[in-house]
Amino acid sequence: MTTFSPVTAALEGLRITRRKPLVVLAWAACYFAMLVVLGLVVAFAFGGTVRADLALLARTNDLRELVDIVARRKGTLLPLIAFAVALQSVITVAIMRAVVRPADRRMAYIRIGAEEARQFVVALVGWVVALVVTALPSAVLVLIGAGLISLGAVETNRWVEVLGAIAVAGLSIWFGIRLSLLSITTFAEGKLDLRRTWTLTDHHFWHLLWMYALAFVITILVSVAQTVVAGLILGLSGGAANIVMLALTGLANLLLAPFFFTIQMVILTAAPARAYYDLHASELAPAA
């Protein structure tokens, strides 16, 4: 059976950051430029109230809330979401390229082509799977709950709600882990193949879950580091007592935010990329 180290995979993003700091800085600069472009599109193509919805969209992980926001805007956000996903795909593919094709480092691994376009399709497939696995079972639970309440079985409904929520969460996590290598598999093998991803993750659910848990903890530590750095900048500026220092402190934090977010993106993208690299290499080992 093929295997890999969850710890090694979870730490891959930090290794890339340590070994290739200039490349990570280039990714952060690219991400910052994308934010500027996205901000200009929002400013000129949409009304001011859309910014609140976009801020909420960036914070939420709830698919139903995302659908509600898009529905409230009557679909006007869909082109903007598609544009944002397309921009982020450029950096995501660059990170994966750095892991599985480290020699192909020209332009800091950044390209715009068919591989990036396929990642856009992967994102759409991911949303569809999330809708089927999470939203539909939740809707069934709501219907069952309504039926139980109409029959006066309130206490039974409470148990159904609790157990149903646990079941839906477990199902979502299981499907999410089993398909979590879809992006890197699509990139590395040049085609979107759900069956290939499903086969590759077979017997590795707990290893992958442990890997993602470690990677998530590391991203939290990166957020803590960002807070510490921001505090140090504020302290060195003397508390930003005047308008000039306040502006400089704000600018420094504005530039630091994309850098730290890029590191988090590197950690969360490099981990499954390294997992795929090791699993695929061990698949080929017997033939070699």
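Student: Before we start, what counts as a helix here?
Tutor: Happy to explain! This is a predicted model, and its helices are DSSP runs of H or I, numbered from the N terminus. To count, a run needs at least four residues.

Student: Thanks! In which helix does Leu232 lie?
Tutor: Look for the helix that spans residues 205-236. Leu232 lies within that run, and its name is α11.

Student: Is Leu232 buried or exposed?
Tutor: Its relative accessibility is 53%. Exposed means over 50%, so Leu232 counts as exposed.

Student: What is the area of the nonpolar surface patch that includes Leu232?
Tutor: Leu232 shares this patch with Phe216, Ile220, Val224 and Val228. Together they make a nonpolar surface patch of about 480 Å².

Student: How are helices α7 and α8 arranged, roughly parallel or roughly antiparallel?
Tutor: Helix α7 covers residues 114-150 and helix α8 covers residues 154-178, and they pack with their axes 10 Å apart at an angle of about 170 degrees. Angles over 145 degrees count as roughly antiparallel. Therefore α7 is, relative to α8, roughly antiparallel.

Student: Is Gln264 buried or exposed?
Tutor: You will find Gln264 in helix α12. The relative accessible area of Gln264 is 14%. Buried means under 20%, so Gln264 is buried.

Student: Which residues does Gln264 contact, leaving aside neighbours within four places in sequence?
Tutor: Set those sequence neighbours aside, as you say. Gln264 is then in contact with Thr219, Val222 and Ser223.

Student: What separates the C-alpha atoms of Ala257 and Ser223?
Tutor: Ala257 is in helix α12, residues 243-284. Along the chain, Ala257 and Ser223 are 34 residues apart. Their C-alpha atoms are separated by 9.6 Å.

Note on methods. Residues are numbered from 1 along each chain as its sequence is written. This is a predicted model: local features need pLDDT of at least 70, side-chain atom pairs count only at pLDDT 80 or more; totals for chains, interfaces and linings use all residues. Side-chain values use heavy atoms; hydrogens and water are left out. Patches are made of residues with over 30% relative accessible area and no salt bridge: like charges are joined within 9 Å, nonpolar side chains (Val, Leu, Ile, Met, Phe, Trp, Tyr) within 5 Å. Accessible areas come from the Shrake-Rupley method with a 1.4 Å probe; for residues, only the protein chains shown count as cover. A salt bridge is a side-chain nitrogen of Lys or Arg within 4 Å of a carboxyl oxygen of Asp or Glu. Helices (H or I, at least four residues) and strands (E, at least two) are DSSP runs, numbered from the N terminus. Buried means under 20% relative accessible area, exposed over 50%, partly exposed in between (1.4 Å probe, protein chains only). Axes are lines fitted to C-alpha atoms, for helices over the stretch in contact, and angles run from 0 to 180 degrees between N-to-C directions. Angles under 35 degrees count as roughly parallel, over 145 as roughly antiparallel, 65 to 115 as roughly perpendicular and the rest as oblique. Contact means heavy atoms within 4.5 Å.
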